[in-house]
Amino acid sequence: MSNVTAITGFILMGFSDIHELETLCGVTFLLTYLLTLMSNFLTITLITLDLKLQSPMYFFLKNLSLLDIFLVSVTIPNFFVHSLTYNNSISTLGCACQVFFMASFGSGEVFVLTVMSYDRYVAVCSPLHYDAIMNNVTCMLMMGASWSTALLLGVMYTAAIFSMPFCGSNVISQIFCDVPSLLRILCSKSFAVIYTSLGIGLFLGMFCFICIVISYFYIFSTVLKIPTTKGQYKAFATCLPHLIVFTVYIATACFAYLKPPSNTTSIIDRFFSMLHTVLPPALNPVIYSLRNTDVHNALKRVLQNFY
């Protein structure tokens, strides 16, 4: 057991050993971060202030925007500071916090997107019963369950990983502390607790994915039965933003994490991992507001009242 060391901190890898290039990356991600904050805060403000945006869909969208703000705030500010100071160290407590928040907010996005797919299913397939099914109590319960389950997963992952000793090098081959990178430097040969936690997370993720696929199967079946092309377009247009947001989130996650196991990561791997935390939160407000007349009108009303 001589390889077991009491690690009090970790060293994160950046994008480049060239300080100027690392700083440029930090500034670029910081600008993206600020734009993401502004767009998501604007979405939350519009939905909160405008009485015509009080439907369940916008209530769920407000929760998604809140998760986007939290998720992107876990990694970007820390990376920006490291890129300016050229100090990539992070304490064990800071690393544990990153794992907890990344696991919580990342899984929370999946749960909220699943709830949003059910909302679109009810809106398209049972429009006459929509108000009765998607009432305030139901919406609050679904959001409460999503947030609670996400936080529970975050606690479970963090406790499982940081209850075990680390061996050898304290260098994490990633921009931030994530579960796959930390698993590579664990000493314990007994991963039962970690595999159980990962298994639960994988089961919930697959369950959510299957629920979304089933929802859209029924949505497409219902839309195709609409006799007019205009009616089909109108019904599908209400689901298209959610479908794009879900696809972007899953695609970036696959690029970031579905790859053969390795003890090291390339710059491309680190870039996709960072992209997974930045791109969906940055695009979600744009996708939902791009051709949404309700959001455009709400913005006009808020600006008119302000001025």
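In the predicted model, His82 is placed in helix α2, and with a relative accessibility of 8% this histidine counts as buried, since the limit for that class is under 20%. The side chain of His82 reaches the backbone oxygen of Ser89 at 3.4 Å, and Ser89 also appears among the residues that His82 contacts once neighbours within four places in sequence are left aside, the others being Leu12, Asn87 and Asn88. A further relation across the sequence links His82 with Gly26, for the two residues are 56 positions apart along the chain, whereas their C-alpha atoms are separated by 8.2 Å in space.

Ser83 is likewise found in helix α2, which spans residues 56–85, and the relative accessibility of Ser83 is 0%, so that this serine counts as buried. The side chain of Ser83 reaches the backbone oxygen of Phe80 at a distance of 2.7 Å. When neighbours within four places in sequence are set aside, the contacts of Ser83 are with Glu22, Thr23 and Gly26. Gly26 therefore enters the description of both residues, as a contact of Ser83 and, for His82, as the partner in the C-alpha separation of 8.2 Å, on the part of a histidine that counts as buried at 8% relative accessibility.

Beyond the end of α2, Tyr86 has its place in the loop between α2 and strand β3, the latter formed by residues 89–91. The phi angle of Tyr86 is near 60°, which is a positive value in a residue other than glycine. With 44% relative accessibility, Tyr86 counts as partly exposed, because this value falls between the limits of 20% and 50%.

A second loop position is provided by Thr8, which is located between β1 (4–5) and β2 (9–12). The relative accessibility of Thr8 is 67%, and the residue accordingly counts as exposed. Thr8 touches Ser91 and Thr92 when residues up to four places away in sequence are not counted, and the C-alpha atoms of Thr8 and Ile90 are 9.0 Å apart in space, although 82 residues separate the two in sequence.

The packing of the helices was examined next. Two packed helices are described by the angle between their axes together with the distance between those axes. For α2 and α3, the angle is about 160° and the axes are 9 Å apart; as angles over 145° are counted as roughly antiparallel, α2 and α3 are therefore assigned to that class. Helix α2 passes α3 in a left-handed crossing, and the residues that form the contact of α2 with α3 comprise 16 nonpolar, five polar and four charged ones.

Helix α2 also packs with helix α10, which consists of residues 267–289, and here the axes come within 9 Å and cross at roughly 145°. The crossing of α2 and α10 is left-handed. On the side of α2, the contact is made by Leu61, Leu64, Asp68, Leu71, Val72, Thr75, Ile76 and Phe79, while α10 contributes Met274, Thr277, Val278, Pro280, Pro281, Asn284 and Tyr288. By class, the residues of the contact between α2 and α10 divide into eleven nonpolar, three polar and one charged.

Helix α3, comprising residues 92–125, packs in addition with helix α9, comprising residues 240–257, at an angle of about 150° and with the axes 11 Å apart. The two helices α3 and α9 are therefore roughly antiparallel to each other, and α3 passes α9 in a left-handed crossing. The contact involves Gly106, Glu109, Val110, Leu113, Met116 and Ser117 of α3, which meet His242, Val245, Phe246 and Tyr249 of α9. Six of the residues in the contact of α3 with α9 are nonpolar, three are polar and one is charged.

Of the residues in this contact, Ser117 was considered individually. Ser117 lies in helix α3 and is buried, with a relative accessible area of 1%. Not counting residues up to four places away in sequence, Ser117 touches His242, which belongs to the α9 side of the contact, and the residues touched by Ser117 further include Ile212, Ser215, Tyr216 and Ile219.

How values were computed
Residues are numbered from 1 along each chain as its sequence is written. This is a predicted model: local features need pLDDT of at least 70, side-chain atom pairs count only at pLDDT 80 or more; totals for chains, interfaces and linings use all residues. Side-chain values use heavy atoms; hydrogens and water are left out. Axes are lines fitted to C-alpha atoms, for helices over the stretch in contact, and angles run from 0 to 180 degrees between N-to-C directions. Angles under 35 degrees count as roughly parallel, over 145 as roughly antiparallel, 65 to 115 as roughly perpendicular and the rest as oblique. A crossing is left-handed if the near helix is turned anticlockwise from the far one by less than a right angle, and right-handed if clockwise. Contact means heavy atoms within 4.5 Å. Ala, Val, Leu, Ile, Met, Phe, Trp, Tyr, Cys and Pro count as nonpolar, Asp, Glu, Lys and Arg as charged, and the others, Gly among them, as polar. Buried means under 20% relative accessible area, exposed over 50%, partly exposed in between (1.4 Å probe, protein chains only). A polar contact is a pair of N or O atoms within 3.5 Å; within protein, one must be able to donate a hydrogen and the other to accept it, and residues adjacent in sequence count only if both atoms are side-chain atoms.
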